[in-house]
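This briefing walks through the fold of one protein chain, from its overall dimensions to its sheet and one loop residue. Please keep the sequence and the structure in view while reading.

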Amino acid sequence: MSKYYPLVDVDSTGLDKVPLFPANHIADALGKCNFALAEIAPHRYTLLAMKPLDGDPDQYHIHCPMCGKAMAQVVPYKSDHLLGEYACENCN
Ligand SMILES: [Zn+2]
């Protein structure tokens, strides 16, 4: 079963986003905030957005649910709601 991690801001800039405790359903994760990570493979995640972004999705630093380090974007964003794939170099 996939896990969905709600993402919250760590400061007022909103550029750093850290995962909370995972939910089993995407609606539960995105009901709490605009962003969530879907685990698609071990240490690999798709960034999802409930609402389209104003700015460039590449500006965000998405932190790993396991180790907390910022992850590398490995696939660029595809749409307003599918904001690319991220992998943790530290955990892999
Ligand atoms: Zn990690």
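In this predicted model, residues 24 or more positions apart account for 44% of those contacts in the protein chain that have a separation of 6 or more. The chain contains 1 helix and 7 strands, and from the N terminus on its elements follow one another as β-β-α-β-β-β-β-β.

**Overall dimensions and burial**

- The radius of gyration of the protein chain is 12 Å, which agrees with the value near 12 Å that a compact globule of 92 residues would have.
- Taken along its principal axes, the C-alpha trace spans about 30 × 25 × 25 Å.
- Of the 92 residues in the protein chain, 27% are buried.

**The sheet as a whole**

- The 7 strands form an open sheet in the order 5-2-1-3-4-7-6, and the pairing within this sheet is mixed.
- Strand 5 (61-62) and strand 6 (72-75) stand at the edges with a single partner strand each, so that one side of each is left without a neighbour in the sheet.
- In a regular strand, the side chains alternate between the two faces of the sheet.

**Strand pairs within the sheet**

- Strand 1 (residues 4-9) pairs with strand 3 in the antiparallel sense over 4 bridges, and within this pairing Pro6 stands opposite Ala36 in strand 3.
- Strand 3 is also joined to strand 4 by 6 bridges, the two strands running antiparallel, and here Phe35 stands opposite Ala49 in strand 4.
- The edge strand 6 is joined by 3 bridges to strand 7 (residues 82-87), again with the strands running antiparallel, and the bridge partner of Ala72 in strand 7 is Ala87.

**The hairpin and His43**

- Which residue takes a positive phi in the hairpin of strand 3 and strand 4? It is His43, in a hairpin that has 2 residues between the strands, and the angle is near 65 degrees.
- His43 has this positive phi of about 65 degrees although it is not a glycine, and its place is in the loop between strand 3 (35-41) and strand 4 (44-49).
- Is His43 buried, partly exposed or exposed? With 17 other C-beta atoms within 10 Å, His43 is partly exposed, because a residue counts as buried at 20 or more such atoms and as exposed at 12 or fewer.

Methods:
Residues are numbered from 1 along each chain as its sequence is written. This is a predicted model: local features need pLDDT of at least 70, side-chain atom pairs count only at pLDDT 80 or more; totals for chains, interfaces and linings use all residues. The radius of gyration is taken over C-alpha atoms; the globule rule is 2.2 Å times the number of residues to the power 0.38. Two residues are in contact if their C-beta atoms, placed from the backbone, lie within 7 Å. Two strands pair if DSSP finds at least two bridges between them.
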